[in-house]
Amino acid sequence: MQKRFINAFLASIEIEAMDFYIADSSYFKMRIKEVYGRKIEDSRKERTIEIFIKTETGVYSASSPSGKSKGRNEAPSFIRDIDLDMQMLKDLKMDFSIDCFEDLEKVEKIVKGKIGANSIFALESAILKARAFERKKEIWELVNEKARKLPHPVGNCIGGGMHTPLFNGKKPDFQEFLVIPKARKFIDSVFLMKKMQENAGKSLKIKRALGRLNDENAWATSLENEQVLNVMNNERDKLEAESSEKIEIGIDAASSSFYTGLYNYKNPRKCLTADKQTDYMQELTENYDIYYLEDPMQEEDFSGFAKLREGVKGRCLIVGDDLITSNVERFLKAVYANSISAVILKPNQCGSLIGIKKIVQYAKKYDIATIMSHRSGETNESIIADLAFGFSCDFIKTGIIGKEREAKLSRMIEIEREMS
Ligand code: PGA
Ligand code: ZN
């Protein structure tokens, strides 16, 4: 009798313990049972990859964007092509468990050399989504649950370069003319970005220089580089006065795209040596009150970047995108050469979220600002908002309009709402 009672008592404890175990699944480490990919279209109607993972709790997916004005030192997007990556994914043996962000290191060891950077980013994103769901956390909490700082948005209003069609046979050489509102609330900065793009469009229309939207949904125009800077500067001043908020402007020159041994400008035509290019860039920052200058020099010119950084004396961020390609070694080289004061982070440039984390840690140590960034060919994936918040990035560059760009902005606004 007593023995039966004890057995029943033990059984009830076991059931209670099991209930507790199931209710809080963070006690389980996650196992990936299956991985597969499919081809999807990005915003440019080009092929990219969406990856699915199956765990004990369900199926989770994430997709990767794709770049067009890529840095020469980026990791390959696919190992040979998207089909081979999809084949390789099916054969991956993930016989280990995953609990936290750092466990992505195990994933990277397995996939290195088997799939490209686009696929690794999508796979790691799907894994973070699954783990966040299973631990009842937000994705950013897996990166850093103490994160509290919202980044400032960086939005592309008017475009040129590789992302933009000609309008009346012309386009600016610089790839992006950017607005960076610094309102206290992210949602207010998003409103100001939209307003700025709308006003810039009206101003181009009055000048009969308004083309259609480009790859990133920025305005195409026939205006010359400095004429566009004039529009941006004027519109910024007006909006700043109207809103009483601080609003900065910037350029992504993407200068490797018009460098052929010399800087070969088409609109207007001129040809500059590296020395003249640094002088010209510095002059632009002064004449148009530019706060942000991305890739002002070609992607191998660490010393040209350094000269410019010294010249602008902290008034303007000198930002490395193609120069760094989200590569830790190139980032450290730039830090030691004093080349940059800010770095672009594009996880599919290097195919390693662990690598991105290392750059963020070094950036904080060496006082370099961080900018989490989209690519020109985007998907509806919003995970870079979680990553930007989790890594406490200073900025997030997402573009302004279009569902792919707005997916990231909406997610950031959601995070801001949850935090307040
Ligand atoms: P990409 O360009 O995504 O086409 O490489 C974006 C950028 O240069 O910032
Ligand atoms: Zn860039």
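How many cavities of 30 Å³ or more does the count come to? The count comes to three. The structure is a predicted model, and every value below was computed from it.

The largest cavity has a volume of about 90 Å³. It is lined by 16 residues. His163, Glu176, Glu216, Lys346 and Ser376 are the closest of these to the cavity centre. The lining holds nine charged residues and seven polar ones. Nonpolar residues are absent from the lining. Both domains take part in this wall. Domain 1 (28-142) supplies at least three lining residues, and domain 2 (145-419) also supplies at least three.

What sits in the largest cavity? Ligand 1 occupies that place. Around ligand 1 there are 15 residues. Lys68, Ser69, His163, Arg375 and Ser376 come nearest to the ligand. The shell around ligand 1 is made up of ten charged and five polar residues, with no nonpolar residue.

Three of the nearest residues also make polar contacts with ligand 1. At Ser69, a polar backbone atom lies 2.9 Å from an oxygen atom of the ligand. At His163, the partner is an N or O atom of the side chain, and the distance to a ligand oxygen is 2.8 Å. At Arg375, a side-chain N or O atom lies 2.7 Å from an oxygen atom of ligand 1. On its own, ligand 1 has 280 Å² of accessible area, and the protein covers 100% of it.

Where does ligand 1 lie with respect to the two domains? Ligand 1 lies between domain 1 (28-142) and domain 2 (145-419), because both give residues to the shell around it. The picture for ligand 1 thus combines a place in the largest cavity with a shell of charged and polar residues.

Conventions:
Residues are numbered from 1 along each chain as its sequence is written. Chains are lettered from A and ligands numbered from 1 in the order in which they are written. This is a predicted model: local features need pLDDT of at least 70, side-chain atom pairs count only at pLDDT 80 or more; totals for chains, interfaces and linings use all residues. Side-chain values use heavy atoms; hydrogens and water are left out. A residue is near a molecule or strand if one of its heavy atoms lies within 4 Å of it. A polar contact is a pair of N or O atoms within 3.5 Å; within protein, one must be able to donate a hydrogen and the other to accept it, and residues adjacent in sequence count only if both atoms are side-chain atoms. Accessible areas come from the Shrake-Rupley method with a 1.4 Å probe; for residues, only the protein chains shown count as cover. On a 1 Å grid over the protein atoms alone, a cavity is a set of points where a 1.4 Å probe fits but cannot get out, and a pocket is an open set with protein on both sides within 12 Å along at least five of seven lines; lining residues have an atom within 4 Å of a point. A molecule sits in a cavity or pocket if more than half of its atoms lie within 2 Å of its grid points. Ala, Val, Leu, Ile, Met, Phe, Trp, Tyr, Cys and Pro count as nonpolar, Asp, Glu, Lys and Arg as charged, and the others, Gly among them, as polar. Domain bounds come from an automatic or database domain assignment. Grid points are joined across faces, edges and corners, and a volume is the space filled by probe spheres set on the points.
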